[in-house]
Amino acid sequence: MAKFADLRRLPLITCALAALLGGTAALAAPDQDGRAETKLLSEAAEAAEAQLHQSFTNLQFEEFGPAPVKGAIYQAVAGGRIIYYAPASEHILFATVYDKNGINITALAQEASTAKRLKLIDPAKALVIGPAGAPTVIEFTDPDCPYCRALDKFWAAKAAEGKPVRRLVYFVSGIHPQAAAKAEHILCSADKEAAFRAIYAGAAPKALEKCADGAARVTQDAEIVRKLGITGTPTLIADGKLVSGFQQAELEAFLDGGKPSADAAK
């Protein structure tokens with residue numbers, strides 16, 4: 001970490017050198033100022049490249065040069081995902097950060113953020129699909145989302161293979177215009193799981209079921225979705241890790257007893 005701290009101090013060193021040269025620079029011609037600044041920046045870049053090669057000896061770098069991102073970089077969460085923001089150059093980075101030991105720092109931050117959000121979820125308010133005792137996933141879904149429907153088929157296929165899951169389902173009703181009505185229909189049906197599977201298989205009932213309890217639960221789900229910052233579907237939490245979208249490989253690993261990989265945080 002000290003090595004990276006030295007790297008971060010390079011801009012400060014550059015500023016200090018500029019200050020020391022200030023008296024002389026004031027008497028120098030403009031082109032001399034430009035050459036001095038170029039020299040300082042070049043030296044800083046050489047030092048940074050040397051530090052990169054020294055810290056990451058297992059990687060081969062073909063090119064090295066200045067990045068468009070400038071100034072300090074801050075970490076934020078948007079839609080449940082870790083992102084990075086550089087206000088000086090007004091850049092947003094959807095990136096994965098590793099330290100010199102190969103540890104995925106972004107994934108660790110994602111896990112911490114997900115753990116914090118899990119405290120906002122009340123399992124008693126979820127629609128439960130699947131047998132007790134099976135591996136449990138938290139699933140945020142939209143009845144009109146094509147990838148959500150593909151995910152439902154995937155779960156059904158896995159159950160047929162003897163790998164069922166217990167799904168704690170919360171409806172995201174703010175993306176498609178009929179999502180809330182279809183979610184209410186499912187929650188008001190006598191056999192909720194059957195109604196869920198029918199809707200997700202493409203059924204279009206002439207009259208959708210309505211009830212006060214179903215409408216209230218759709219509203220409750222919408223509030224949970226808002227608090228969690230869920231903006232896309234399907235979004236899952238499997239073994240404490242956030243999985244954005246229908247990531248079949250990640251879910252296969254989860255069902256096979258392994259955890260979703262760190263790339264699920266991307």
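**Group meeting: cysteines, cores and hairpins**

Let me start with one residue. Cys-145 counts as buried because its relative accessibility is 3%; buried means under 20% relative accessible area, exposed over 50%, and partly exposed in between, with a 1.4 Å probe and protein chains only.

This is a predicted model, so to speak of ground rules: local features need pLDDT of at least 70, side-chain atom pairs count only at pLDDT 80 or more, and totals for chains, interfaces and linings use all residues. Residues are numbered from 1 along each chain as its sequence is written, and side-chain values use heavy atoms, with hydrogens and water left out.

Now the overall picture. The protein has ten helices and eight strands. Those are DSSP runs, numbered from the N terminus: helices are H or I with at least four residues, strands are E with at least two. There are 266 residues, and 33% of them are buried. The accessible surface is about 15,200 Å², by Shrake-Rupley with a 1.4 Å probe, where for residues only the protein chains shown count as cover. Carbon and sulfur atoms hold 58% of that surface. Next, contacts, meaning heavy atoms within 4.5 Å. Take the contacts between residues at least 6 apart in sequence: 65% of them join residues at least 24 apart.

Back to the cysteines. Cys-148 is buried too, with a relative accessible area of 0%. How many disulfides does the structure hold? One. A pair of cysteine sulfur atoms within 2.5 Å qualifies. Here the pair is Cys-188 and Cys-211, with sulfurs 2.0 Å apart. The link is left-handed, at -90 degrees about the S-S bond. Cys-188 sits in helix H7, and Cys-211 in the loop between H8 and helix H9 (212-228). The two are 23 residues apart, so to the chain this is a link between distant parts. Cys-188 counts as buried at 16% relative accessibility. Cys-211 counts as partly exposed, at 26%.

On to helix H8, residues 192-200. Which of its residues are buried? Ala-195, Phe-196, Ile-199 and Tyr-200. Down the helix axis they fall within an arc of 125 degrees, so they line one face of H8. The arc is taken over directions from the helix axis to the C-beta atoms. Their cover includes strands S4 (127-129), S5 (136-141) and S6 (166-171), along with helices H6 (146-160) and H7 (179-188). Just after H8, Gly-202 takes a positive phi of about 105 degrees.

H8 leads us to the largest nonpolar core, which has 14 residues. Such a core is a set of buried Ala, Val, Leu, Ile, Met, Phe, Trp, Tyr and Cys residues joined through side-chain atoms within 4.5 Å. Leu-127, Val-169, Phe-171, Ile-186, Phe-196 and Tyr-200 have the most contacts inside this core. S4, S6, H7 and H8 each supply at least two of its residues. The largest share, four residues, comes from H8. Look at Tyr-200. Beyond its neighbours within four places in sequence, Tyr-200 has contacts including Cys-148, Asp-152, Phe-171 and Ile-186. Another core, of 13 residues, lies apart from that one. Among its members are Ile-138, Leu-228, Ile-230 and Leu-242.

Now the hairpins. Strands pair if DSSP finds at least two bridges between them. S1 (74-78) and S2 (81-86) are antiparallel over five bridges. Ala-78 has Arg-81 in S2 as its bridge partner. Two residues separate these strands, and Gly-79 in the turn has a positive phi of about 60 degrees.

S2 also pairs with S3 (91-93), antiparallel, over three bridges. There, Ala-86 bridges to His-91. Four residues lie between these strands. Glu-90, in that loop, has a positive phi of about 55 degrees although it is not a glycine. Is Glu-90 buried or exposed? Exposed, with a relative accessible area of 67%.

S7 (235-238) and S8 (241-244) run antiparallel, joined by four bridges. Leu-236 stands opposite Val-243 in S8. The hairpin has two residues between its strands. Asp-239, in the loop between S7 and S8, also has a positive phi, near 55 degrees. Asp-239 is partly exposed, with a relative accessible area of 44%.

One last stop. Thr-233 and Pro-234 are joined by a cis peptide bond, with omega about -10 degrees. Pro-234 lies in the loop between H9 and S7. For context, most residues other than glycine have a negative phi, and most peptide bonds are trans.
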